[in-house]
Amino acid sequence: MKYPETVVGAVIFNPENKVLICRSTKWNSKYIIPGGHIESGEKMEEALVREVKEETGLEIYDIELLSLKESIYDKSFGRQKHFIFIDYICKTDFYEVKLNDEADVYEWISLKELDDYDLEDFVKNLLEELRDKNELKYKTEIFYKNI
């Protein structure tokens, strides 16, 4: 029996308030955010920290839940997959990224520069929502506490 794949993603801000994006061949050479599968017995935030470290070499902190979304057989991935995306916002104090074999290029970008990059659709929508939320005068905050 097939089940959806649950994955975590990290919107990582550096000290200049720029976001890390990485170009991935797994996602048709589009830019994505770092992340990956949650392993059995692993907490979501533990998976996030592990995946970010494996894919970028970065240490992250101030981790907060940002978004829950799903993708069912979207064409942006190379194969038919059903994903549950659990995305977090976090910070790093570092600028130098050490990519593993899942990406070939990285960029630190301002949220105002989203249109300058070939972003995967889900990532683009997520970052646009974050950018637009930050520009709104009145904001709705979601509080999340890991119990």
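Where is the place of Asn17? Select Asn17 in your viewer, and you will find this residue in the loop between strand 1 and strand 2, where strands (E, at least two residues) and helices (H or I, at least four) are DSSP runs numbered from the N terminus. The phi angle of Asn17 is near 65 degrees, a positive value in a residue other than glycine. With a relative accessibility of 55%, Asn17 counts as exposed; the terms used here are buried for under 20% relative accessible area, exposed for over 50%, and partly exposed in between, with a 1.4 Å probe and protein chains only.

Before you go on, keep in mind that this is a predicted model, in which local features need pLDDT of at least 70 and side-chain atom pairs count only at pLDDT 80 or more, while totals for chains, interfaces and linings use all residues. Residues are numbered from 1 along each chain as its sequence is written, and side-chain values use heavy atoms, with hydrogens and water left out.

**The whole chain**

Colour the model by secondary structure, and 2 helices and 7 strands should appear, in the order β-β-β-β-α-β-β-β-α from the N terminus on. The protein has 147 residues, of which 39% count as buried. Its accessible surface, by the Shrake-Rupley method with a 1.4 Å probe, comes to about 9,200 Å², and 49% of that surface belongs to carbon and sulfur atoms. If contact is taken as heavy atoms within 4.5 Å, then among contacts between residues at least 6 apart in sequence, 65% join residues at least 24 apart.

**Phe13 and Glu113**

Now select Phe13, which is found in strand 1 and counts as buried at 10% relative accessibility. Leaving aside neighbours within four places in sequence, Phe13 is in contact with several residues, among them Lys18, Ile89, Trp108 and Leu130. Add Phe94 to the selection: it is 81 residues from Phe13 in sequence, yet the two C-alpha atoms are 9.6 Å apart in space.

Lys18 leads to another pair of this kind, since the C-alpha atoms of Lys18 and Glu113 are separated by 9.9 Å although the residues are 95 apart along the chain. Glu113 sits in the loop between strand 7 (105-109) and helix 2, and is partly exposed, with a relative accessible area of 26%.

**The aromatic rings**

A pair of aromatic rings is described by the distance of the centres and the angle of the planes. Here rings of Phe, Tyr and Trp (its six-membered ring) pair if their centres lie within 6.5 Å, and planes under 30 degrees apart count as stacked, over 60 as edge-to-face and the rest as tilted. The structure holds 5 such aromatic pairs. Show the side chains of Trp27 and Phe83, whose ring centres are 5.6 Å apart and whose planes stand at 40 degrees, so the pair is tilted. Trp27 lies in the loop between strand 2 (19-24) and strand 3 (30-32), and Phe83 in strand 6 (residues 82-91), so the pair ties together parts that are 56 residues apart in sequence. Both Trp27 and Phe83 are buried.

Next, add Phe85, which forms a stacked pair with Phe83, at 5.5 Å centre to centre and with 20 degrees between the planes. Phe85 is buried too, with a relative accessible area of 12%, and Phe83 has a value of 4%. Include Phe122 as well, and you have one aromatic cluster of Trp27, Phe83, Phe85 and Phe122.

From Phe85, step to Ser67 in strand 5 (residues 61-72). Ser67 is buried at 10% relative accessibility, and its contacts, beyond neighbours within four places in sequence, are Phe85, Ile86, Asp87 and Leu126.

Return to the loop between strand 2 and strand 3, where Asn28 is found. Asn28 has a positive phi of about 55 degrees although it is not a glycine, and at 42% relative accessibility Asn28 counts as partly exposed.

**The second largest pocket**A pocket is here an open set of points on a 1 Å grid over the protein atoms alone, where a 1.4 Å probe fits, with protein on both sides within 12 Å along at least five of seven lines, and lining residues have an atom within 4 Å of a point. About 500 Å³ of space lies in the second largest pocket. Of its 32 lining residues, the closest to the centre are Trp27, Ile32, Ile33, Gly35 and Gly36. The largest share of the lining, 4 residues, comes from strand 1.

Notes:
Points joined across faces, edges and corners; volume = space filled by probe spheres on them.
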